[in-house]
Amino acid sequence: MNFDKLEFGKYIADHMLLCDYANGEWQQPQIVPFANLSLSPSTLALHYGQTVFEGMKAFRMDDGCINVFRVDKHYERFARSLDRMCMAIPPKEIFTEGLFKLIETDKAWVPKQAGASLYIRPFIYASEAKFGVKVSEQYRFVIFTGPVPDLFASPIKVKVETDYIRAAKGGTGFAKCGGNYGGAFYPTQLAKQQGYDQVLWTTGQENPHIEESGMMNVMFVINDRLVTPPLSDSILDGVTRDSLLVLANDLGYSTEERPVSVAELEKAFRDKTITEAFGAGTAAVVAPIGTIHINNIDYHLPGYSHENLLNKMKLKLERIRTGRDNDVHGWNCITG
Ligand SMILES: *Cc1c(COP(=O)(O)O)cnc(C)c1O
């Protein structure tokens with residue numbers, strides 16, 4: 001395994017955790033060699049979409065220890081997503097102890113290269129084999145991991161989308177469930193055909209407000225303040241979003257969690273008060289946006305350098321995760 005030539009999502013570590021739920025109880029979790037799952041074609045998850053996942057990372061610290069970032073916050077979100085999808089919630093001990101045991105087993109897979117990490121994918125699916133529409137009574141909880149590189153994304157072009165929406169008020173947008181992704185692909189493909197990399201999701205046609213950028217939260221720097229839409233049932237509560245809001249404050253910037261209308265963005269471009277726009281998520285930490293397409297106009301952000309808040313925050317986060325800076329907020333979960 002060459003950790004200098006990593007590709008996101010390509011390599012998978014040697015083991016996985018399996019834990020089944022049946023007869024109203026979680027069974028004993030097991031760590032087994034990574035292998036295919038065997039499923040009946042009538043498995044409920046394949047038909048009615050009861051699937052929920054998480055995405056988190058483990059980092060190699062400067063002293064060689066392994067640090068899993070904000071396990072509690074990921075577990076809490078996993079539980080909220082599962083609750084929304086009427087799925088069984090594994091106890092916190094099974095989640096965290098299982099996770100740490102799995103990482104201990106495959107610790108040779110945690111890269112030492114700066115910025116690289118071990119991506120952790122916990123997920124649960126409705127495993128009962130029955131084809132009538134119903135809430136499943138059986139679930140399978142799986143965790144697997146894989147080494148991923150630091151993603152240095154060059155600035156992307158995004159298209160403000162008002163014809164399609166990712167998530168509706170009252171819907172499942174705050175839950176990390178598979179269906180949210182399935183429904184987002186079509187408008188994203190259309191945007192790609194038009195020459196854009198991603199869509200900037202909004203609340204829809206009437207008085208649109210910004211929601212998220214692709215499958216990441218979105219943040220802007222307007223008038224030197226970090227601005228991001230407030231959490232709601234149509235926005236996913238990103239761990240990166242939350243961490244960056246805290247770090248921006250630590251770095252002396254004001255932050256605003258408030259609705260951002262598309263009209264406000266257009267005005268901010270005309271007034272040149274907007275200086276940064278980026279996606280925020282576990283995979284890349286920050287994904288800079290270079291161009292935003294609004295109502296047939298391509299608006300361009302100024303270029304990005306290490307002076308920009310997004311890069312300062314990414315660097316700060318990396319320093320905390322590797323143990324170079326103090327973990328004053330208690331985000332690191334360190335194992336041997
Ligand atoms: C996972 C996800 C995010 C980012 O969450 P992080 O915890 O920061 O990785 C943002 N939006 C959507 C829709 C997501 O699924």
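In this predicted model, T202 stands opposite I210 of strand β11. This pair belongs to the junction between strand β10 and strand β11 (residues 210–213), where 2 bridges join the two strands in an antiparallel arrangement. Strand β10 itself spans residues 198–202 and is mostly covered, with 4 of its 5 residues buried.

Strand β10 also has a partner in strand β9 (residues 156–161); here the strands run parallel and are joined by 4 bridges. One residue pair in this ladder is K159 with V199, the latter being the bridge partner in β10. The connection between these parallel strands passes through helix α4 (residues 178–193): the chain leaves β9, traverses the helix and arrives at β10, and this β-α-β crossover is right-handed. Strand β10 thus pairs in the parallel sense with β9 and in the antiparallel sense with β11.

A second set of paired strands is found around strand β7. Strand β7 comprises residues 117–126 and is mostly covered, 9 of its 10 residues being buried. Strand β4 (residues 51–53) is joined to β7 by 3 bridges, and the two run antiparallel; within this pairing, T51 stands opposite Y125 of β7. Strand β5 (residues 56–60) likewise pairs with β7 in the antiparallel sense, over 3 bridges, and K57 stands opposite Y119 of β7. Strand β7 is further joined to β8 by 10 bridges, again in an antiparallel arrangement. In this ladder A126 has Y139 of β8 as its bridge partner.

Strand β8, which covers residues 139–148, includes F144. Is this residue buried, partly exposed or exposed? F144 counts as partly exposed because its relative accessibility is 22%, whereas a buried residue must lie under 20%. Beyond its neighbours within four places in sequence, F144 is in contact with I12, H15, M16, F34, L102, Y119, I120, R121 and F123. Y119, one of these contacts, is also the β7 residue that stands opposite K57. A separation along the chain can be set beside one in space for F144 and E264: these residues are 120 positions apart in sequence, and their C-alpha atoms are separated by 42 Å.

The domain division gives these elements a wider setting. The protein is divided into domain 1, residues 15–148, and domain 2, residues 156–321. Taken over C-alpha atoms, the centres of domain 1 and domain 2 are separated by 27 Å. The contact between them draws 22 residues from domain 1 and 20 residues from domain 2.

How much area is buried between domain 1 and domain 2? The size of an interface is often given as the accessible area lost when the parts come together. For this pair of domains the buried area is about 1900 Å², of which carbon and sulfur atoms give 58%. On the domain 1 side, the residues that lose the most area to domain 2 are F53, R77 and R84, which together make up 31% of what that side buries. F53 falls within strand β4 (residues 51–53), a partner of β7.

Charged side chains also meet in this structure. Across the interface of domain 1 and domain 2 there are 3 salt bridges by the rule applied. The side chains of K73 and D237 form a salt bridge, with a distance of 3.7 Å from N to O.

Terms used:
Residues are numbered from 1 along each chain as its sequence is written. This is a predicted model: local features need pLDDT of at least 70, side-chain atom pairs count only at pLDDT 80 or more; totals for chains, interfaces and linings use all residues. Side-chain values use heavy atoms; hydrogens and water are left out. Buried means under 20% relative accessible area, exposed over 50%, partly exposed in between (1.4 Å probe, protein chains only). Two strands pair if DSSP finds at least two bridges between them. A crossover is right-handed if, with the strands pointing away from the viewer, the path from the first strand over the helix to the second runs clockwise. Domain bounds come from an automatic or database domain assignment. Contact means heavy atoms within 4.5 Å. Buried area is the accessible area (1.4 Å probe) that two parts lose on being put together, summed over both. A salt bridge is a side-chain nitrogen of Lys or Arg within 4 Å of a carboxyl oxygen of Asp or Glu.
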